[in-house]
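Thanks for coming. I have one chain to go through today, and I will begin with one of its pockets before turning to the rest.

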Amino acid sequence: MKQTPADLEQITSTTLGHYNSVAEGFREGTRDHDVSQNIDALLRHIQGKAPFDILDFGCGPGRDLQTFTRMGHTAVGLDGSEKFAQMAREDSGCEVWQQDFLKLDLPDERFDGIFANAVLFHIPRQELPRVLKQLRAALKPGGVLFSSNPRGENQEGWNGPRYGAYHDLQAWQQLLTEAGFVELEHYYRPAGLPREQQPWLASVWRKPA
């Protein structure tokens, strides 16, 4: 069933309202999450010489912005949550844009890499092709998109006060391929566990030069 503009507005406002209300606890609860495997997967595939221009899409409170900055890269954050954007600016010292994911205003061919860690699943399936093309346009030719999402069987809907869409590998590959990306690799997380204990699907994609 097609979602109306009012439906999409409710999805955005309710999900962001939740994140704004739990921002401090979220920052503390995720501060020590180890996503080095994901950061390495993005950086390993970027061609050319560092430092790189990185967009941390859905940067949250800014944990990974700090990591990219410590590594010598120029990182820009983007988040829909006003509280997260403020925290990210204060904690990282980076430029951070507060933007609704469904109303993006991104510069063309600005970034060597886009790091979308645990965020794209919040975008409703019907809007995702458009958003993916906007992310692709923001990458330099040959640029790299990293994404990690909780996987599922292509269902979507409310999970408490947050909206999510949960794709399997085949559906995700089709979405990204149709948006003009070429797959570089994919893997499941956390590493080293049986598949049924790996709820996250991570994948890396290139914008053709």
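Sorted by class, the residues lining the second largest pocket are seven charged, five polar and three nonpolar. Please keep in mind that this is a predicted model. The lining comes to 15 residues in total, and those nearest the pocket's centre are Arg31, His33, Arg63, Asp64 and Thr67. Three elements each give two or more residues to that lining: helix H2, residues 23-30, helix H3, residues 36-45, and helix H4, residues 63-70. Which of them gives the largest share? That is H4, with five residues. As for volume, the second largest pocket has about 200 Å³.

Let me stay with H3, since that helix gives residues to the pocket lining and also has a buried side to discuss. The buried residues in H3 are Asn38, Ile39, Ala41, Leu42, Leu43 and His45. What do they pack against? One partner is H4, the helix with the largest share of the pocket lining. The others are strands: E1, residues 53-57, then E4, E5 at 139-150, E8 at 182-189, and E9 at 200-206.

E4 brings me to a single residue. Glu127 sits in the loop that runs between strand E4, residues 111-117, and helix H6, residues 128-138. Is Glu127 buried or exposed? Its relative accessibility is 11%, so Glu127 counts as buried; the cut-off for buried is under 20%. Once neighbours within four places in sequence are set aside, Glu127 is in contact with Leu8 and Leu102.

Now the chain as a whole. There are seven helices and nine strands. The C-alpha trace spans about 45 × 40 × 40 Å along its principal axes. For 209 residues, a compact globule would have a radius of gyration near 17 Å, and the chain has 16 Å, so the two agree. Of those 209 residues, 51% are buried.

On contacts, take those with a separation of 6 or more: residues 24 or more positions apart account for 67% of them. On surface, the chain exposes about 9,900 Å², and 50% of that is supplied by carbon and sulfur atoms.

To go back to the start: the pocket lining has seven charged residues, H4 supplies five of the lining residues, and H3, which also contributes to the lining, packs its buried residues against H4 and several strands, E1 and E9 among them. That is what I have.

Definitions and conventions: Residues are numbered from 1 along each chain as its sequence is written. This is a predicted model: local features need pLDDT of at least 70, side-chain atom pairs count only at pLDDT 80 or more; totals for chains, interfaces and linings use all residues. Side-chain values use heavy atoms; hydrogens and water are left out. On a 1 Å grid over the protein atoms alone, a cavity is a set of points where a 1.4 Å probe fits but cannot get out, and a pocket is an open set with protein on both sides within 12 Å along at least five of seven lines; lining residues have an atom within 4 Å of a point. Grid points are joined across faces, edges and corners, and a volume is the space filled by probe spheres set on the points. Helices (H or I, at least four residues) and strands (E, at least two) are DSSP runs, numbered from the N terminus. Ala, Val, Leu, Ile, Met, Phe, Trp, Tyr, Cys and Pro count as nonpolar, Asp, Glu, Lys and Arg as charged, and the others, Gly among them, as polar. The radius of gyration is taken over C-alpha atoms; the globule rule is 2.2 Å times the number of residues to the power 0.38. Buried means under 20% relative accessible area, exposed over 50%, partly exposed in between (1.4 Å probe, protein chains only). Contact means heavy atoms within 4.5 Å. Accessible areas come from the Shrake-Rupley method with a 1.4 Å probe; for residues, only the protein chains shown count as cover.
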